[in-house]
Amino acid sequence: MEVLVKTPTRKEIIEAVKNANIITERPVHMMKSIELIQLLKWKRVEERNTKGIKMVKPGRPVDPNSVRQKRLADLEARRSEGRLHEGKTGRPVDPNSARQKRLADLEARRKEGRLHEGKTGRPVDPNSARQKRLAAAKQKRLAAFDEKLAKAVLEKELA
């Protein structure tokens, strides 16, 4: 004799939760059906259900021997052991590339405590229009300062 298991409708699930006097954070009609089914399972309402509705877990059953489940179990084990990124494959690093040499030099200077020695930032192009304009403004300021300084020296000599 085969027993057919009926998946309950949303209305039946809500009614079962109300009949079980389960207190929820939100009103029952605003909760997802899966959450309500979980609440019913926690309260073991299946055994004392008055309507004879048997609750079943929704969705497809999980095969623990499937490749995906094995991969997920291995991933969880590595995550718990703290070696999640171990054995990752990717593009190999060329130790002779310009970037790797620069990173090695940077790390060596960091260890020696002279990280900010030498060049930092983007190099300045002295022939750019902005640099020429800044140099002209600096010359102008120096000339004005020299005139003021010369005046101050003359006034001291005369006084």
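**Exercises on a predicted model**

At 62% relative accessibility, N21 counts as exposed. Keep in mind that this model is predicted; let's work through it together.

**Exercise 1.** Find where N21 sits and what sign its phi has.

*Solution.* Start with the location: N21 belongs to the loop between α1 (10-19) and α2 (33-42). Next, look at the backbone: phi of N21 is near 55°, a positive value in a residue other than glycine. For context, most residues other than glycine have a negative phi.

**Exercise 2.** Decide whether R78 is buried or exposed, and list its contacts beyond four places in sequence.

*Solution.* First, place R78 in helix α3 (residues 67-81). Then take its relative accessible area, 18%. Buried means under 20%, so R78 is buried. Finally, setting aside residues up to four places away in sequence, R78 touches R83, L84 and E86.

**Exercise 3.** Check the span of helix α5 (residues 129-158) and say how far it is buried.

*Solution.* Take 1.5 Å a residue: the 30 residues of α5 should span 44 Å. Now compare with the model, where the end C-alpha atoms of α5 are 44 Å apart, which agrees. As for burial, the number of buried residues among the 30 of α5 is zero, so this helix lies largely in the open.

**Exercise 4.** Identify the largest nonpolar core and the contacts of M31.

*Solution.* The largest nonpolar core has twelve residues, among them I13, V17, I22, M31 and L40. Helices α1 and α2 each supply at least two residues of this core. Turning to M31, and leaving aside neighbours within four places in sequence, its contacts are R10, T24, R26, L36 and L39.

Terms used. Residues are numbered from 1 along each chain as its sequence is written. This is a predicted model: local features need pLDDT of at least 70, side-chain atom pairs count only at pLDDT 80 or more; totals for chains, interfaces and linings use all residues. Side-chain values use heavy atoms; hydrogens and water are left out. Helices (H or I, at least four residues) and strands (E, at least two) are DSSP runs, numbered from the N terminus. The expected span of a helix is 1.5 Å times one less than its number of residues. Buried means under 20% relative accessible area, exposed over 50%, partly exposed in between (1.4 Å probe, protein chains only). Contact means heavy atoms within 4.5 Å. A nonpolar core is a set of buried Ala, Val, Leu, Ile, Met, Phe, Trp, Tyr and Cys residues joined through side-chain atoms within 4.5 Å.
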